[in-house]
Amino acid sequence: MNNNWNLDDIVTLKDFDSLMATTKTQITQFDDYFAKMNPQMSDSDFVAFTKHHEICLEGIHRLGSRPALMEAADQKDSLANKLKNQVKDLEIYFGEKIQPISLWLKGKEVAGKDVLDDTNAQRLFAANPDLEYVYNYSRLMGRYSLDEKSENIITAKDSNGTQIITDLRDMIETEFEFDFNPKGGKRQKITNNAEISSYAYSANPAEREAAFKARFEQYEKNIDKFFVAYQAIVKDWGYETKTRGFDSAISMRNTANHIDDQTISTLIDVCSKNVGVFQSYFKFKAKQLGKPQLTRFDLYAPIGEANTSYSYQDAIELVDAAFRSFSPTFADNAKTIIAQNHIDSHPADTKRGGAFCMTVAPSVTPYVLLNFAGKMRDVSTLAHELGHGVHSIYANGHGISAQHATLPLAETASTFGEMILFEKILSETKDNETKKQLLSDKMADSYATICRQNFIVKFEIQAHEALQKGIEQKDLSQMWLDNLKQQFGDSVEVDDMFRYEWSYIPHIIHTPFYCYSYNFGELLSMALYAKYKSEGESFVPSIENILRAGGSEDPKKVLESVGIDMSSAEFWQGSFELLANWQKELEEL
Ligand SMILES: [Zn+2]
C-alpha cells in the first residue's frame with residue numbers, strides 16, 4: 001500500500017492563480033490599514049488590522065506550501081518550481097508592505113507617524129487576546145532590532161556574505177569522494193554523505209571503522225578551509241550579538257527561541273552531570289560486543305540482528321493503539337490526518353528523504369511526509385510526525401500566527417507520541433533478545449539526541465569565546481577532542497581522527513547554538529512523560545492543555561499553569577531517571 005497525499009485541500013491547481021490575485025489585492029490593502037494607525041487608534045481598528053493580517057498570512061501559507069509539498073514528493077516537478085517562484089515574488093511584495101507596519105508596532109520611528117508608546121501598545125495588543133503574546137513578543141524582539149537602514153544592510157550582508165561562506169563550505173563538502181576500504185571487504189568510492197554515514201550502523205566492525213576513516217580523511221584534507229569558514233561565521237555572529245545588545249553569543253539564539261539564559265544554562269548543567277547514564281550504556285554495550293572497551297566507531301553498532309519488520313498498515317494500527325491508550329482525542333487527531341489522506345508514506349525515486357510534518361493553517365489538516373521502509377525506526381518516525389500533526393490540530397482554535405508552538409514546546413507531542421509507542425511495544429515484547437535490541441537502540445538514539453547535542457553546544461560556547469580572542473585550527477580541533485573525552489570518560493576510546501569531527505557538524509555553521517533544540521525538546525517531553533507515568537490519567541488533561549496552547553502564550557507560563565518550572569534542575573532530572581530505568585532494565589535482561 002503506497003499512499004500519495006491529496007494536496008487539493010490546501011489550494012487546487014485550478015484555483016491557484018485566483019488565490020494569488022486575491023492575496024495580492026489583500027496585501028495592497030495594508031496601505032489603508034497603515035494610514036489609520038496612530039498611538040490613539042481605537043481597539044476595534046487594531047483588531048480589524050490583525051484579522052486582515054491573518055487572512056493575508058493564510059493566503060501566503062497556502063500558496064507557499066502547495067508547491068513546497070509538491071516538490072518534496074517529487075523533486076523534479078517543474079510545475080512546483082514555477083509556482084514556487086511566483087509565490088516568492090508575492091512574499092517579497094508582502095515583506096515590503098508589512099515592514100513599516102511591523103516597525104511601527106515594535107515602537108520604532110517611522111516617517112510620518114508618532115512612535116507607538118508602551119502603554120498604547122499594551123492596550124492595542126490586549127484587544128486581540130489570542131494574538132497578544134505574539135505581538136508582545138515581537139515588540140520585545142524589536143528591542144534588539146536596529147534602524148531600518150542598518151537592518152537592510154544586515155540582510156544584504158547575510159545574503160551576499162555569510163550565506164556565501166556557508167554555501168562554499170557546503171560545496172566543498174558535496175564534492176567529497178570517500179575512499180571506503182573495509183578490511184576484508186570490497187574497496188569502493190562513495191560520493192554520498194548519507195551513504196557513508198549509514199555504515200556507522202553496520203553490524204560489521206571493519207565497515208564501521210572504514211566509514212569513519214574515509215570520511216575524516218576528506219575533512220582533514222580540507223580542515224583549514226573549514227576553519228576559515230567557521231571562524232568567519234563565529235566572528236560575524238559575535239559582531240551582530242554585540243551590535244544588537246545581547247549579553248552573550250548564545251543569548252541571541254535563546255531570545256529567538258523564547259527561552260531565558262538561565263533555563264538553558266540549567267539544562268546544560270543537568271545534561272553534563274548525567275553523562276554517567278550513557279557511559280554505563282557504552283560499558284554495557286562493549287560487553288555485548290565482546291570487547292574490553294567500546295571505540296568511538298562502535299557507538300551505533302547494533303546488538304544482535306533486528307529482523308522485526310512492520311507493514312505500513314500494522315504501523316498505523318500500532319501507533320493508533322498507543323495514542324489511544326493515552327487519550328482518545330490524541331488518537332482521533334492522528335486519525336483525521338490519515339482519513340483525509342494527508343500522508344505521503346513510501347519512498348520514491350525523486351522524492352526527498354527523511355520525514356516531516358507541515359502545518360499550513362488552522363483550517364487545514366496538517367500534512368506528513370514519510371519514507372516508510374518497515375523498520376522499527378520508521379514506526380517511531382510515524383508516531384513522531386503524526387505527533388506534530390496532532391499538536392497542530394489541538395491548537396487549531398488559534399489564529400495562524402499563534403497556532404504553532406514556540407520552540408520549547410514544539411517537540412512535546414511528537415516526542416511524547418514516540419515515547420508512548422516505545423513503552424507499549426517494549427511491554428508487549430516477550431522475547432528477551434528483541435527487548436534488548438529495542439532498549440539498546442533507544443539508548444543509542446537518546447545519546448545522539450540528548451548527550452551529544454549538549455556537548456556540541458558546550459563546544460560552541462567555548463569556541464565562540466576562543467575564536468573572538470583568536471586561536472588556530474589545531475587549538476579548535478584539540479578543543480573538540482577534549483570535549484569528546486569529557487563526555488565519554490573511560491567508557492569509549494576515541495581515535496585521534498575524531499579531532500576533525502567538528503567540521504562535519506553542519507548546524508554549528510548554519511545555525512549556531514541550534515543543537516540544544518534537540519535535547520531541550522526531547523528532555524522536556526521525557527520529563528512530562530515521567531510525570532504522566534507517576535501521576536497517571538489525572539495528568540492527561542494537563543498535557544492536552546499544553547498542546548492546546550499552541551504558540552499563543554509564553555511557554556514558561558504554559559508550563560507553570562500545569563505546575564512545571566522549566567528553569568528548575570529537578571524538573572529536567574526527571575527525564576534522566578527515565579533513561580536510568582531503561583538502562584537498568586537493559587542490564588537485567
Ligand atoms: Zn520533530
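Contact here means heavy atoms within 4.5 Å of each other. The structure is a predicted model, and the values below are computed from it.

**Helix H13 and its surroundings**

Helix H13 covers residues 275–288, which makes 14 residues. From its first C-alpha to its last, H13 reaches 20 Å, close to the 20 Å expected at 1.5 Å a residue. Its buried residues are Val 275, Val 277, Phe 278, Gln 279, Tyr 281, Phe 282, Phe 284, Lys 285 and Ala 286. These buried residues of H13 pack against several other elements: H12, strand E3 (294–295), H20, helix H21 (473–488), strand E7 (492–493) and helix H26 (569–588). Just after H13 comes Gly 290, with a positive phi of about 70 degrees.

**Helix H20**

One of the elements that H13 packs against, H20, runs from residue 432 to residue 469 and has 38 residues. The distance from its first C-alpha to its last is 54 Å, close to the 56 Å expected at 1.5 Å a residue. H20 has a kink of about 35 degrees, and Tyr 447 is at its centre. After H20 comes Gly 470, with a positive phi near 105 degrees.

**The nonpolar cores**

The largest nonpolar core holds 138 residues, and those with the most contacts inside it are Tyr 230, Phe 278 and Trp 502. H20 gives the most to this core, with 14 residues. Phe 278 is also among the buried residues of H13.

What surrounds Trp 502, leaving aside its neighbours within four places in sequence? Trp 502 is in contact with Ile 223, Phe 226, Phe 227, Tyr 230, Phe 459, Leu 476, Ser 477, Trp 480 and Ile 508. A second, separate core has 46 residues, including Trp 5, Leu 7, Phe 49 and Phe 125.

**The zinc site**

The protein donors of the zinc ion are NE2 of His 384, NE2 of His 388 and two OE atoms of Glu 411, at 2.1 to 2.7 Å from the ion. In sequence, the donor residues follow the spacing H-x3-H-x22-E. His 384 and His 388 are separated by about one helical turn, because they are four residues apart in helix H16 (residues 376–394). An α-helix has 3.6 residues a turn, so residues three or four places apart point the same way.

Is the site regular or irregular? The angles among the four donor atoms run from 51 to 141 degrees, and the site is irregular. To count as tetrahedral, four donors need all angles between 85 and 135 degrees.

**Accessibility at selected residues**

The table gives relative accessibility for the two zinc-binding histidines and four further residues.

| Residue | Relative accessibility | Class |
|---|---|---|
| His 384 | 16% | buried |
| His 388 | 18% | buried |
| Thr 255 | 12% | buried |
| Ser 251 | 5% | buried |
| His 258 | 19% | buried |
| Asn 341 | 31% | partly exposed |

His 258 counts as buried because its 19% relative accessibility is under the 20% cut-off.

**Helix H11 and the loop after it**

Thr 255 is part of helix H11, which spans residues 249–256. Ser 251 lies in H11 too. Beyond the neighbours within four places in sequence, Thr 255 is in contact with Tyr 137, Met 141, Tyr 144 and Phe 246. On the same basis, Ser 251 is in contact with Phe 246 and Asp 261.

His 258 is placed in the loop between H11 and helix H12 (261–273). Not counting residues up to four places away in sequence, His 258 touches Tyr 133, Tyr 137, Thr 406, Pro 408 and Pro 555. Tyr 137 is thus a contact of His 258 and of Thr 255. From His 258 to Ile 303 the C-alpha distance is 40 Å, with the two positions 45 residues apart in sequence numbering.

**Positive phi outside glycine**

Most residues other than glycine have a negative phi. Which sign does phi have at His 258? It is positive, near 65 degrees. Asn 341 is not a glycine either, and its phi is positive at about 60 degrees. Asn 341 is found in the loop between helix H15 (328–339) and strand E4 (343–344).

Definitions and conventions: Residues numbered from 1 in each chain as written. Predicted model: local features only at pLDDT ≥ 70, side-chain atom pairs only at ≥ 80, totals over all residues. Heavy atoms only, no water. Helix = DSSP H or I, 4+ residues; strand = E, 2+ residues; numbered from the N terminus. Expected span 1.5 Å × (residues − 1). Bend = angle between axes of the 7 residues up to and from the residue. Donors = N, O, S within 2.8 Å, 3.2 Å for Na, K, Ca; no water. Tetrahedral: all angles 85-135°; square planar, octahedral: opposite > 155°, others 65-115°. Buried < 20%, exposed > 50% of the residue type's maximum accessible area, 1.4 Å probe, protein only. Core = buried A, V, L, I, M, F, W, Y, C linked by side-chain atoms within 4.5 Å.
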